[in-house]
Amino acid sequence: MSSQNGGPLLEAEHVFKYFPIKRGILIQREVAQVHAVDDVSLEVRRGETLGLVGESGCGKSTLGRCFVRLFPLTDGRIVFDGQDISKLSRRGMRPLRRELQIVFQDPYASLNPRKRVGSIVGAPLAIHGIGDRRERKRQVQELLEKVGLSPEHYNRFPHEFSGGQRQRIGVARALALRPKLVIADEPVSALDVSIQAQVINLLADLQEDFELTYVFIAHDLGVVRHVSDRIAVMYLGKIVELSPAEELYERPIMPYTEALLSAVPIPDPRESAGRERIVLEGDVPSPINPPSGCRFHPRCRYATEICSQLEPPLVDYGNGHLAACHHPLNVDKETLARATVDDRRTPAEADEAAKPTEPAQRAR
Amino acid sequence: MATFIVRRVLWLVVVLFAVSVLVFLIFFATPGVDPARQMAGRNPTAETIKNIKHEFGLDRPLPVQYGLMMKHIFVSRDLISYGSHTKVIPEILSAAPVTLSLVFGAAVIWIVFSILTGLAAAVFRGTVIDPLLMILALIGISIPVFWLGEVVNLVTQSRLHGFFLFSWVPPLGYTPFTQDPLLWFEGLVFPWLTLSVLYIGFYARVLRANLIETENEDYVRTARAKGISERRVLLRHTLRTSMITFVSLFGLDFGVLVGGGALLTEVVFGLPGVGLLTYHSLTSLDLPVIMTTVIYGAFFITLASALVDLVYAWLDPRVRPA
Amino acid sequence: MAEPLLEVRDLKVSFRTEDGIVRAVDGISFTVDEGEVVGIVGESGSGKSVTMMSVMRLITDPNVIYQGEILYKGRNLMQVSRDAMREVRGEEIAMIFQDPMTSLNPVYTVGWQIEEQLNEHYDLKKGQARRRASELLAQVGIPRPEQRIDDYPHQFSGGMRQRVMIALALSCNPDLLIADEPTTALDVTIQAQILELIKDLRRDFGSAVVLITHDLGVVADIADRILVMYAGRIVEEGNKEQIFYDPQHPYTWGLLGSIARLDRPKARRLTAIAGQPPSLINRPKGCSFRPRCPQAFDRCRAEDPQLTVKVGDGHLDACHLSVEDKRARRDATISPELADTA
Ligand SMILES: Nc1ncnc2c1ncn2[C@@H]1O[C@H](COP(=O)(O)OP(=O)(O)O)[C@@H](O)[C@H]1O
Ligand SMILES: Nc1ncnc2c1ncn2[C@@H]1O[C@H](COP(=O)(O)OP(=O)(O)O)[C@@H](O)[C@H]1O
Ligand code: SF4
Ligand SMILES: [Mg+2]
Ligand SMILES: [Mg+2]
């Protein structure tokens, strides 16, 4: 298959990732499973930034790691650039590692404190045997400049840098091999807002320079909206809404998205005071025993009986806006009538006949 | 908690089994070694060797040999040392109380003094007391036990024995507690002190480092923000969490010492403990005794590590099974 | 006007280090009135925590040097005895910290930790302390408090632990609650919960609150007055309206411009503040913000701007630009898209 085709860069089909929980006397038995990623189908288009949002523990990082095959999938298929990578061995993955890179959240823990910046950033080059020592040094210094550090930083240690600068080092390392797809796993969550802005701008510049495709993971919809072309909202291992960025923010369909949006603080006291705030009760339930039906129902203010009984299918409301909810918000009767169930992406467990018939009623 | 304990006990059995098999294989299945000859001690007669071969089934398959061996050790307890012509098990059983007396007493001393030293050093950080104590601790760690024991003996047994301070010290050797508690105590005072010096130094340093590290923990700051007294912050928060490392170290050292690791102290003070027994059996290559003491030692070490895990779970709720 | 609850006068806090003297807090003065919510905003390292830790006298580093006065209800806390200070802590002023994961002692149950504080400050019978602890847990929204009181911190989620910390802080009804980045380590949804909780509790308990954060969005809703700190100094101070609708200092503009805002059309680019905070050992000559300030001019290099009133009552800033210049230029930083279309 040609890699020049217009198809998506990466396609996930019904991806599952369960982590076993083991317990037992002497012999460890598997007693339960963490349903970290539970039947996710999603595509990442060439050159776009796909935002992935949701609260901690809902499986964003795990899904990101599934995309780059950092571990075997429990089930499902990942197609990267036309090639099915879900069954590839470690060896088979090796040439693809160059094209798939991750930037991690914690700028403190993700850099080896005993290594110099030069060898951290140059490690991927060395591992893949690219260039000789001199050539690699030149490339690394060039990269350091690209990410807004100076070539003189080559011989420094990570602890000499601030959080934002470390994140730049992490970005340089990810870009060393000129990847096609970069998974940015909460790259700014640990940084001050002023530094967040620097890193976000840097990522945007690099996307242009290197023709990158990003999957940008975060829990803050403000940041995600700013960087993303499309946004996928995750809740307890499932994609609950998928939409072009602007549309998601103007017209959230799934109540969870509405709540996430309303949790983002607004630096404008009058606006902030006038706004209806939906404070979600409690924490995300355990992904070991996820709630039945729609997983969000215990915390949802629109939930009715059906929500606890049937898992809602992913419904396509047009314009690439999909949502899984029995009581969609911000849709009129007409749109609802035109909407169709997305057979391809809907989880197998969900009831395809359960397409919503009524917009959401007033909140409880 | 119950399953946790059951699990640890089962684990203990498994480890002991593994150790005994390993020891057995080393002594009996090493190619080119004739275990019968080895067991028979120095200058055995052909008769003895034949007896041994028969008794331990050395002409039969390995698992049978192992079974017979274990039977001699644990069931009939009549394994014989051909070197000294005594039964091994009773010998170990009579040596064990000596070692236990020695190690228990020393442990009490080293726990008390190392905690005091470590606490004092941490509290007086920034003054001369801290480095002074730490240098003392370092000296304690560096002094060879054997040398220290000899010096102590020289002072208390001969040079200054006449001096009133040391005149009460009985001659070297061991008196069972059941026979004369006072003499038991008097005879052990200097062995205890000698053995504990190294550990006081080592534990004090470890504890100090831990205390200082814990001092920077956020929850210690929280405790202060609550308005708790410094003393209480130190004892209930800083020390309490620092004990977690302390205890795990202690358990292992204790196990090793009871298992025969106090050998040098026992030799210097002429205490007929397990260490001394091992020492003699090693010098005379007395195979049955070596093997049994190794198994005995392994037993105490694994037992101690099991106990450590329990205490650990008690000290640190995070490792407690749900 | 009545005397303020807390008045900090020209506080300077420095640390002796191998590299030289770190001037972490360099002469700041402010007040907190009874029942008032004051937000302290600034980047990491700007001295927010050191300031409020000094108020609590919680800095244990032996290399610390203090200067200035901290008057709490008229009493200089810098001078009171250790024992008197202990009574202030917890009972008068309480503090919650950034990382709920590490701020509770892992080896004691949450109930024990709340009871410990109650017993330290009040003469209570065992049952009483426990009952009060469980009431507090209920008050901060922990479900099934009677059972959860015997759980250990690791059995709670991050948000729930922060609630426990708040219960602990409120246990003796303090008059001043210091919250040092209480939501920075939490998800936005949990942040919203905690902020809501602090608002409710302030109403119920009537304590004054000092809320430290690096995100102006966090204080927009909750603070009455805001102090913006940069490199150990206050560079702008004013009430909420003044700071958000008439910000005077280019650093405040930068902080506002850095936020990816949901209430505005999507900006093409965020206006980040370039570079990093200056060294606190060798502070730049003139305005400390000058090396990062797009507005800087000659005078900024030569002269250190003082924090003074320039526009309105209680609105202070430390910047050499004239008020007209500021008002003309700031929109290009804070909301470039709006400025373009205007
Ligand atoms: N290696 C692992 N073993 C067991 N459980 C895991 C592992 N990695 C993640 N999990 C669990 O999977 C769930 C999803 O985790 P994660 O993908 O990290 O969420 P997020 O990135 O959205 O915060 C969580 O409940 C987490 O505890
Ligand atoms: N014990 C210390 N020794 C030396 N420098 C310190 C110490 N504590 C804080 N600092 C310095 O003081 C400055 C202010 O720190 P802090 O108040 O924690 O900042 P913030 O809370 O605003 O992020 C920082 O530059 C920090 O490095
Ligand atoms: S004084 Fe000058 S450098 Fe400082 S903030 Fe104002 S304009 Fe910028
Ligand atoms: Mg994650
Ligand atoms: Mg701080």
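How many Å separate an oxygen atom of ligand 1 from a polar backbone atom of G59(A)? The gap is 3.0 Å. Keep in mind that this is a predicted model. Below is a quick tour of the ligand sites, one helix, one loop residue and the nonpolar cores.

**Ligand 1, on chain A**

- The ring of residues around ligand 1 takes in F19(A), V34(A), A36(A), E55(A), S56(A), G57(A), C58(A), G59(A), K60(A), S61(A), T62(A) and P287(A).
- Sorted by class, that shell has five nonpolar, five polar and two charged residues.
- Two elements of chain A, β2 (29–44) and α1 (60–67), each give at least two residues to the shell, and α1(A) has the largest share, with three residues.
- Besides the G59(A) contact, an oxygen atom of ligand 1 sits 2.6 Å from a polar backbone atom of G57(A).
- The side chain of T62(A) joins in too, with an N or O atom 2.4 Å from an oxygen atom of ligand 1.
- On its own, ligand 1 exposes 560 Å², and the protein buries 61% of that.

**Ligand 2, on chain C**

- There are 13 residues around ligand 2, and the ones that come nearest are G45(C), K48(C), S49(C), V50(C) and D61(C).
- The shell splits into four nonpolar, six polar and three charged residues.
- Here β1 (6–17) and α1 (48–55) of chain C each supply at least two shell residues, with the largest share, three residues, coming from α1(C).
- Oxygen atoms of ligand 2 take part in two of the listed pairs: one is 3.0 Å from a backbone N or O atom of G47(C), and one is 2.6 Å from an N or O atom in the side chain of S49(C).
- A nitrogen atom of ligand 2 lies 2.7 Å from an N or O atom in the side chain of D61(C).
- Ligand 2 has 560 Å² of accessible area by itself, and the protein covers 68% of it.

**Ligand 3, also on chain C**

- Around ligand 3 you'll find H249(C), P250(C), C287(C), F289(C), R290(C), C293(C), Q295(C), A296(C), C300(C), C319(C), H320(C) and L321(C).
- That makes a shell of eight nonpolar, three polar and one charged residues.

**Helix α9 of chain A**

- Is helix α9 (residues 255–263) of chain A largely enclosed or left open? Nine of its nine residues are buried, so the rest of the structure largely encloses it.
- Among the buried residues are P255(A), Y256(A), E258(A) and L260(A).
- The cover includes β3 (49–53), α7 (221–227), β9 (230–235), β10 (238–244) and α8 (245–250) of chain A, plus α7 (188–205) of chain C.

**S292(A), a loop residue**

- S292(A) belongs to the loop between α10 (269–274) and α11 (305–309) of chain A.
- With a relative accessible area of 43%, S292(A) counts as partly exposed.
- Beyond its neighbours up to four places away in sequence, S292(A) touches H297(A), C307(A) and S308(A).
- A polar atom of the S292(A) side chain is 2.6 Å from the backbone oxygen of S308(A).
- P312(A) is 20 residues from S292(A) in sequence, and their C-alpha atoms are 11 Å apart.

**Nonpolar cores**

- The largest nonpolar core has 105 residues, and L6(C), M52(C), L176(C) and L216(C) make the most contacts inside it.
- Helix α6 (residues 158–170) of chain C gives that core its largest share, eight residues.
- Setting aside neighbours within four places in sequence, the contacts of L176(C) include L5(C), L6(C), V32(C), Y72(C) and I93(C).
- Another core, of 68 residues, lies apart from it, and V117(A), L143(A), L144(A) and L262(C) are among its members.

Note on methods: Residues numbered from 1 in each chain as written. Chains lettered and ligands numbered in written order. Predicted model: local features only at pLDDT ≥ 70, side-chain atom pairs only at ≥ 80, totals over all residues. Heavy atoms only, no water. Near = heavy atom within 4 Å. Polar contact = N/O pair within 3.5 Å; in protein donor to acceptor, adjacent residues only side chain to side chain. Areas by Shrake-Rupley, 256 points an atom, 1.4 Å probe, with all protein chains shown as cover. Helix = DSSP H or I, 4+ residues; strand = E, 2+ residues; numbered from the N terminus. Nonpolar A, V, L, I, M, F, W, Y, C, P; charged D, E, K, R; others polar. Buried < 20%, exposed > 50% of the residue type's maximum accessible area, 1.4 Å probe, protein only. Contact = heavy atoms within 4.5 Å. Core = buried A, V, L, I, M, F, W, Y, C linked by side-chain atoms within 4.5 Å.
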